[in-house]
Amino acid sequence: MDYLNQPYHAKRISAVANKGMVATSQPLASQAGLDILKKGGNAVDAAIATAATLTVVEPTSNGIGSDAFALVWIKDKLYGLNASGSSPASISIDAVKQRGHEEIPTYGFIPVTVPGAPGAWAELSRRFGKLPLKEVLAPAIQYAEEGFPISPVLGKFWKAGYEKFKASLHGDEFQAWFDIFAPAGRAPEIGEVWKSPGHADTLIKIAETNAKAFYNGEIADKIDEFSRRYNGFIRKEDLENYEPQWVDPISINYRGYDVWEIPPNGHGIVALSALNIMKGFKVNSKEETDTYHKQIEAMKLAYADGQHYVADPDYMKVTVEQLLSESYAETRRKLISEKALTPEPGTPPKGGTVYLAAADNEGNMVSFIQSNYMGFGSGLVVPGTGVSLQNRGHNFSMEEGHANSLQGNKRSYHTIIPGFLTKDTEAVGPFGVMGGFMQPQGHMQVIMNTIDFQLNPQAALDSPRWQWMKDKTVWVEPGFPSHIAEELRRKGHDVHVQLETGAFGRGQIIWRDDKGTLYGGTESRTDGTISAY
């Protein structure tokens, strides 16, 4: 039986509940979060439990060695947590070039940065959690110890990741990845049970020490030893010096709603910039060529600025306020004509990721995202720990003087972004669309689907998506209206219909109405589900 074959159009309806809800890409992870809610935990505890479980049940996208970001609504206030890690202190452009690289490689130790996810779990638990971290991580530990059956879309991406690594990773340093993720000499099949005892042991140590073992103790020692053995840059001192940062979320007002993102080094500002441009246009209806054309053009301009200016905020040459100013949005808006453009950055006025959403019956809500970057990440697993190291450093620029240039102790341009929506100082809820450089584009489309076109959460996610790739190239999903695709081509867009939907992101939404009822949508492009009560 082919569990990936779905010959019929499947219609989902938004989930509705009022005591608690967790939405994510894996049923087992959503249920883990719901179990924590039922044990007396709040939305923060549920988010941590879900995130930790996702490192086990969806390792194709994230792991203990991931970074993380969160937007947390607690007692009528929104908080932001940036848990992205810095580059190793000893790395530099010259050091990478001395090893024979003109560009940052995709795999191996060079793109490895300090993992932030364990620090995020511990810090969120410390500040806002109700239950001990040991209890919150128990579901993830159980799945790692006892195993779980591989779900369909997970199996598809696991097999693709294995085939890619088999063809490209040949050094001894990569052997631990194959030992853990391909123990039978292949990727596990759909329905086959997979377990990772080393992963469980690491989660236990994180739970018992509030992540101190990861950054200051036994696990940090193992990461240091592994890096030294294979001439990597990361050291125990890099881990010891790491702390997640609480940050002030940034926002714009879009047609009466406030749309919130984490500030740079994340590129949530790209979504805000595009919406800032779009709000100056009258949008008549969703399924019009002009609507899609303006969306694509606005996103191009926002991305051109984002890729030019966004970096570790300590190194940025313009401010968030400058990029999101009304006057700058107007100058960018004026560049949009009836024909597709090739975007260039402007001059502002001087002055493979997992996403989850959780809500509880106290009004608390969490928008949380964590990622290895590029599927399984660097291809490196610290032996005996189950820790897959991310390759987030691949996003650094090798251009001297660029805001995002590679340097030691610096956070790279980051693609993972949680989103949140409020109206008149009241929470509407968390939303997100994972998937590399698709993420701001997904955020823009979901928000416009919700606000401009009044689509419910499930419909807002199910709507066929587009993705701007570069220059005038645009990808669209198989269900995208063909007549609009043809009309976009006549406007100069180089439109390509994709047979696979995996590149168009995977999202989750939870909205809360003024009576406290929760409405959730989950991603139909993956194994997504909502657990609620």
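Let's start on the outside: the accessible surface of this chain adds up to about 19900 Å², and carbon and sulfur atoms account for 49% of that. Keep in mind as you look around that this is a predicted model.

From the surface, turn inward. Of the chain's 533 residues, 62% count as buried, with buried taken to be under 20% relative accessible area. The overall dimensions tell a matching story. A compact globule of 533 residues would have a radius of gyration near 24 Å, and the chain comes out at 22 Å, so the two agree. If you lay the C-alpha trace along its principal axes, you get spans of about 60 × 55 × 50 Å.

What is all this built from? Count through the secondary structure and you'll find 19 helices and 21 strands.

Now for the charges. There are 62 negative side chains and 52 positive ones. The centres of these two sets sit 3 Å apart.

Finally, take a look at the largest pocket, which holds about 1100 Å³ of space. Its lining is made up of 30 residues, and the ones closest to the pocket centre are Gln6, Ala10, Thr501, Ser524 and Arg525. To find your way around the walls, look for helix H7 (152–168) and helix H18 (457–462), the elements that each give two or more residues to the lining. Which of the elements gives the most to that lining? That would be H7, with four residues.

Notes. Residues are numbered from 1 along each chain as its sequence is written. This is a predicted model: local features need pLDDT of at least 70, side-chain atom pairs count only at pLDDT 80 or more; totals for chains, interfaces and linings use all residues. Side-chain values use heavy atoms; hydrogens and water are left out. The radius of gyration is taken over C-alpha atoms; the globule rule is 2.2 Å times the number of residues to the power 0.38. Buried means under 20% relative accessible area, exposed over 50%, partly exposed in between (1.4 Å probe, protein chains only). Accessible areas come from the Shrake-Rupley method with a 1.4 Å probe; for residues, only the protein chains shown count as cover. Lys and Arg count as positive and Asp and Glu as negative; His and the chain ends are not counted. The place of a charge is taken as NZ of Lys, CZ of Arg, CG of Asp or CD of Glu. On a 1 Å grid over the protein atoms alone, a cavity is a set of points where a 1.4 Å probe fits but cannot get out, and a pocket is an open set with protein on both sides within 12 Å along at least five of seven lines; lining residues have an atom within 4 Å of a point. Grid points are joined across faces, edges and corners, and a volume is the space filled by probe spheres set on the points.
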